[in-house]
Amino acid sequence: MDITISLDKTYTVSEDVVAREIEGEIIIVPLVAGIGDMEGELYTLNETGKAIWSRLDGHTVLREIVEELSSQFEASAEDIKEDVTGFVSELVKRKILIEVSQP
Amino acid sequence: MGHLDLELTERCNNNCVHCYINQPADDLFSKEKELSTGDIKAILEEAASLGCLTVRLTGGEPLLREDFEDIYLYARGLGLKVILFTNATLLTPDMAELFACVPCLEKIEVTVYGMNRRSYEAVTRAPGSYQAAWRGIRLLLEKNIPVLPKGVLLSSNVEDVKEFERWAAGVPGMNGLPSFSMSLDLRGRRDSEDKNKNIRKLRLSAGELLQVYRGRGTEYISEMKEFCSRFMAPPGDRLFSCGAGVEGGCVDAYGNFQACMLLRHPDTVYDLKTGSLKEAMTRFVPEVRAMKASNSDYIKRCALCFLKGLCEQCPAKSWMEHGNLDTPVEYLCEMAHVQARYLGLLKQGEAAWEVEDWEERIRSFYGYHNKSR
């Protein structure tokens, strides 16, 4: 399934998963069947994922997240944009993130 | 805290001849003492706040609780994985649908007491339980819900072993042979000498045990070579060489924390009604795990015995058999020696605690295995 991620949209955590912080790790636990391909395995975010995840509040559009991360990290804005869209795309595909409908 | 065992009830709708814990399903005295739904949810919440990832819901028969679905969904909503221990007899199509939609994320562990009605109900002593259990198992398998079948070996169903293993091999996701409870535990609450007498009679003899090992063939030998290379060494006088209480513990049906599910000696039980899981894990468990043996037989034998991995001797077993934490359990000692002799680790008549070259014996046992691969 092709997923199109827009930098002008906001994304939030699906109600079909529980995100838990345990000893500094963010672990995503599926609540319902059919979440991605985890098959009972839990999904743990790496450092880049954690930095993006913590900013996905359902209000901030991805473009602002890219800008904020660019001002805090040394990587180029282009690399950060790729990381953010790649991360969000994968988690939307896995039904862990959902796009927030515009009012 | 990585995991929590939660005994939802000690009541069970079966009346298994060998069971170490069961109370009658309609035992109001037990039922009234059980934790309330709110108590259980509070324990689950605290466990989750301590980093617990997996909760095992067990009993008795946990599905007897009318609030089971509420508890299950609450645990899953906290982001806990659930391991359910059940006899499967009370599973309904609605429950199977629930497990299909909101998966446990761990296999549902179902104990199978026999492969036909006669052998099954000779164990459960509950008319209709054979049919109900297999209906429940089918409900799960039809919905592709992961199931882990387990057995209990008794003289009355030992003839079913091969058939059970053949059936279990066809259950999706099974890796290797199913596990069996073999050394039946006495009553965990030391509440009935009559029941204990029966349980002792039901235990497999050394000859029957050997028959089971022989029946498992080379796969068993290979498994044991790997196992022995990792888990065999004299434990010394520290009572706890296992992982009890290290990554988690058990809460019984009445709100008592135990380092492991079987360890109910009063000195090793912590009342959660006047404390917290956090204090149990951080203060109480280290005190329990620091306990040392003082029984002279234990010091002379168990502390020096290299069959640690084969022997189920532990403080919980001493509690159930003798009412203390460190009296050696002769039955377990005998079974470990029988197994060790079969594997070639001991010669006839040798006592394992007198063997000085045990490391060489383990190396030789494992080394042969490597060459034969």
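**Note on the nine-stranded sheet of chain B**

1. In this predicted model, strand S5 (residues 81-86) of chain B, helix H4 (residues 93-101) of chain B and strand S6 of chain B form a β-α-β unit of right-handed sense. The two strands of the unit, S5(B) and S6(B), run parallel and are joined by two bridges. Within this pairing, B:Thr86 has B:Val110 in S6(B) as its bridge partner.

2. Strand S6 of chain B spans residues 108-112 and is mostly covered, with four of its five residues buried. S6(B) also pairs with strand S7 (residues 147-152) of chain B, in the parallel sense and over five bridges. In that pairing, B:Thr111 is found opposite B:Lys150 of S7(B).

3. Strand S5 of chain B has a further parallel neighbour in strand S4 (residues 54-58) of chain B, to which four bridges connect it. Here B:Val55 faces B:Val82 of S5(B) as its opposite residue.

4. These pairings belong to an open sheet of nine strands in chain B, ordered S8-S7-S6-S5-S4-S1-S9-S10-S11. The pairing in the sheet as a whole is mixed, whereas S4(B) with S5(B), S5(B) with S6(B) and S6(B) with S7(B) are parallel. As general background, strands of a sheet pair through backbone hydrogen bonds, in either the parallel or the antiparallel sense.

5. Which strands of chain B are the edge strands? They are strand S8 (180-181) and strand S11 (269-271), each of which pairs on one side only. In the strand order, S8 stands beside S7, and S11 stands beside S10.

Technical notes. Residues are numbered from 1 along each chain as its sequence is written. Chains are lettered from A and ligands numbered from 1 in the order in which they are written. This is a predicted model: local features need pLDDT of at least 70, side-chain atom pairs count only at pLDDT 80 or more; totals for chains, interfaces and linings use all residues. Two strands pair if DSSP finds at least two bridges between them. A residue is buried if 20 or more other C-beta atoms lie within 10 Å of its own, exposed if 12 or fewer, and partly exposed in between; C-beta atoms are placed from the backbone. A crossover is right-handed if, with the strands pointing away from the viewer, the path from the first strand over the helix to the second runs clockwise.
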